Amino acid sequence: MPLETNTILICAGGACISAGEESVKDVLERKIKEYNLQDNIKIVETGCMGACSLGPIMVIHPEGVYYQKLTPEAAEKIVEEHLLKGRIVEEYLYQGDKGKIVPQPQKEIPFFSRQVKIATRNVGIIDPLNIDEYIARDGYFALHKALKEMKPEEVIQVVKDSGLRGRGGAGFPTGLKWEFARKSPGDEKYMICNADEGDPGAFMDRSILEGDPHTIIEAMTIAGYAIGATKGFVYLRAEYPIAIERLTVALNQAREYGFLGENILGTDFSFDIEIRIGAGAFVCGEETALMHSIEGKRGQPRVKPPFPAQKGLWGKPSNINNVETLACVPPIIYHGANWFRQWGTEKSPGTKVFALAGKVKNTGLVEVPMGITLRELIYEIGGGSPTGKKIKAVQTGGPSGGVIPEEYFDTPVDYESLQKLGAIVGSGGLIVLDEDDCMVDVAKFFLEFTVDESCGKCTPCREGTKKMYEILDKITKGEGTEEDIEILENLGNVIKDSSLCGLGQTAPNPVLSTLRYYKDEYLAHVREKKCPASKCKALISYVIDPEKCVGCTACARVCPSSCISGEVRKVHEIDQSACVKCGSCIEVCRFGAISKVTPAIE
Amino acid sequence: MGKIKSLEELMKIKEDTLKKVKMREEGKRGKITVAMGTCGIAAGAKDTLNAIVETLNELNIDDISVVQSGCMGLCEVEPTIKVEINGEVPITYGHVNPENARRIIKSHIVAGELVGDLIVKKGEE
Ligand SMILES: Cc1cc2nc3c(=O)[nH]c(=O)nc-3n(C[C@H](O)[C@H](O)[C@H](O)COP(=O)(O)O)c2cc1C
Ligand code: FES
């Protein structure tokens with residue numbers, strides 16, 4: 001007989017774990033035992049709750065009180081005050097705008113209230129290791145409906161009607177892809193889940209697998225039924241051990257309940273899923289490379305067509321979908337296509353999970369209806385700038401994406417609109433940039449990633465991206481010329497058109513899009529040797545304002561190269577020839593006497 | 001648990017689990033607070049708490065949450081519980097042994113009738 005009076009949902013997402021979730025949980029468990037309440041208070045470790053910058057986070061039900069930035073001491077206090085005496089501990093509550101303290105921010109704060117959760121509907125709410133909790137939230141009802149009430153063609157039709165598009169990057173219509181796989185001749189077919197998630201900064205797929213593994217199992221089984229596959233693979237990267245562990249547990253539970261294996265739900269449909277671990281190379285997320293990797297070969301892409309639907313895994317017709325795409329499938333089958341279409345836009349229905357990062361107050365995962373504007377996402381949900389500095393642009397779609405300047409922030413977020421601006425939705429990374437970010441440097445950052453991750457099979461990608469990187473590096477060092485900018489543009493377009501796979505075809509995007517909107521920054525670097533954002537080290541110098549310096553010696557003491565001199569209570573000075581531009585001095589100066597100037601002083 | 005074959009079996013798991021999970025969701029009709037200070041526990045509040053949860057379960061009541069609190073300052077009438085139904089005056093009951101707990105649930109929570117002989121306080125004061 002359950003005698004639970006409180007349930008504590010504690011976030012065991014990656015960010016919260018690294019912020020100390022486990023020690024908080026240990027203290028909770030110990031204290032609860034100390035008061036002999038272990039039968040009455042249940043602790044559930046969930047997947048990522050989304051507000052990662054505030055972790056570790058927990059929610060105490062039934063009240064729904066939300067505690068953030070927890071420490072072991074906080075846990076002790078919360079057990080003694082909240083759980084024992086029913087008194088809310090204010091100091092760890094959510095701080096809304098203007099420092100307002102909110103016990104249940106889900107309702108009041110735009111970060112929570114503007115979200116619509118479909119793909120992440122269970123993440124942070126259920127115990128991922130408990131299949132019954134998944135069922136309690138309508139889990140496996142869609143599978144039952146599909147297998148017992150619908151023909152495979154009908155399942156495909158519903159997915160087509162819903163307008164669901166691939167969330168793994170390209171945005172291809174999911175139902176259509178399923179139809180190709182179904183119609184492709186062959187007795188043996190495969191259903192693959194792409195959980196490689198190579199985009200730096202994006203972690204929605206991991207969070208779904210960690211927080212709600214059954215949704216992927218249910219979706220893959222439905223897809224398997226729809227396309228006529230009997231075998232499924234989840235391709236998961238080795239760096240995601242918790243996801244691997246929880247999915248393994250979930251697979252066993254699903255087999256035990258008869259949702260996987262022979263004669264699923266008593267029908268004559270049989271299907272099973274295996275996990276395949278990838279080594280974590282970005283290119284292995286590309287579908288043909290991924291299939292090579294499952295086959296035990298080197299993860300290198302090949303030319304398309306033939307598409308996976310025609311010739312996929314071991315030459316058999318295969319269908320491959322991203323984790324977030326799949327997570328939308330069970331509710332679509334259960335509630336119908338129109339239910340899904342109530343959110344989003346005509347051409348991009350439904351919701352998308354974004355990983356907000358960079359210069360915004362609230363970083364973390366958010367799931368919002370497609371068609372929401374960038375401004376709403378960045379200011380209302382993201383909370384705007386944390387420092388009060390001016391937000392200048394947003395970089396979307398990771399290394400294959402581009403930047404969008406502030407004047408376009410009223411653009412709705414959907415596949416077509418972002419593409420028109422030279423950016424993409426991609427897997428949903430959103431990095432907010434402010435006036436301290438240098439656009440040349442941003443482009444260089446992403447290009448460095450692609451140079452490292454290029455598999456080297458085709459020349460434009462292998463040699464071309466490297467050349468582009470070298471030019472960017474030259475420009476940030478103040479050694480670039482106007483001709484270099486031209487070369488960058490031409491080279492970028494050639495690489496786009498001639499690369500073998502999506503990696504090379506999109507690699508120049510960060511450069512081309514920053515050139516499109518911020519050519520003046522490039523020109524300032526090459527013509528005046530200036531970095532407008534004062535970011536590129538070679539183009540700036542640190543100087544001391546004699547009016548403001550009080551001679552406190554703080555800067556001289558932290559300077560690692562001892563280039564600051566001056567007597568106590570007298571104005572200090574920086575020896576430019578010895579300065580390594582580490583910026584330590586500017587950080588310790590309490591009088592704002594140190595500033596950066598560009599171009600650099602000789 | 002064996003293999004599931006029918007919608008009924010799925011529904012059953014859903015309903016059974018929902019009882020447990022539902023208390024995590026908001027939108028409750030009210031709550032019962034059990035005073036679990038040292039004095040309360042000494043007077044048997046733990047048995048009372050168990051009886052309350054069990055009775056609610058038996059009667060399939062899932063819109064009332066049960067929470068614990070410290071001593072309510074009414075030590076002489078322990079075990080005490082406070083019944084708060086949204087929009088109504090909170091009622092504190094004393095001498096709530098398991099048997100009285102069941103009476104309170106059946107009468108106050110289910111039928112909406114206060115249990116006069118056990119009331120020690122009306123409202124917050
Ligand atoms: C270089 C490269 C890396 C990719 N990485 C991923 C990835 O990590 N996860 C993913 O789902 N799709 C990735 N894709 C896209 C896949 O090739 C494929 O389009 C996708 O898995 C299809 O699923 P969807 O239609 O559900 O989006 C990548 C593509 C390229 C070109
Ligand atoms: S990891 Fe805890 S909120 Fe994201």
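Student: What makes the pair formed by Arg167(A) and an oxygen atom of ligand 1 a polar contact?

Tutor: In this predicted model, a backbone N or O atom of Arg167(A) lies 3.4 Å from an oxygen atom of ligand 1. The cut-off is 3.5 Å, so the pair counts as a polar contact.

Student: Which polar side-chain atom lies 2.9 Å from an oxygen atom of ligand 1?

Tutor: That atom belongs to Asn194(A). With Asn322(A) the partner is a backbone N or O atom, 2.8 Å from a ligand oxygen. Both values are within 3.5 Å, so both pairs qualify.

Student: How do you know how much of ligand 1 the protein buries?

Tutor: Ligand 1 taken alone exposes 620 Å², and the protein buries 88% of that.

Student: What makes up the shell around ligand 1 by class?

Tutor: The shell has three nonpolar, nine polar and six charged residues. Its largest share, three residues, comes from β10(A).

Student: Why is the meeting of Lys14(B) and Asp138(A) called a salt bridge?

Tutor: Their side chains come to 2.5 Å, N to O. The limit for a Lys nitrogen and an Asp carboxyl oxygen is 4 Å, so the pair is a salt bridge. The count between chain A and chain B is one.

Student: Which helix gives the largest share of the side of chain A that touches chain B?

Tutor: That is α6(A), with four residues. By class, this side has 18 nonpolar, 13 polar and 13 charged residues.

Student: What area is buried between chain A and chain B?

Tutor: About 3200 Å², of which carbon and sulfur atoms give 59%.

Definitions and conventions
Residues numbered from 1 in each chain as written. Chains lettered and ligands numbered in written order. Predicted model: local features only at pLDDT ≥ 70, side-chain atom pairs only at ≥ 80, totals over all residues. Heavy atoms only, no water. Polar contact = N/O pair within 3.5 Å; in protein donor to acceptor, adjacent residues only side chain to side chain. Areas by Shrake-Rupley, 256 points an atom, 1.4 Å probe, with all protein chains shown as cover. Helix = DSSP H or I, 4+ residues; strand = E, 2+ residues; numbered from the N terminus. Nonpolar A, V, L, I, M, F, W, Y, C, P; charged D, E, K, R; others polar. Buried area = accessible area lost by both parts, 1.4 Å probe.
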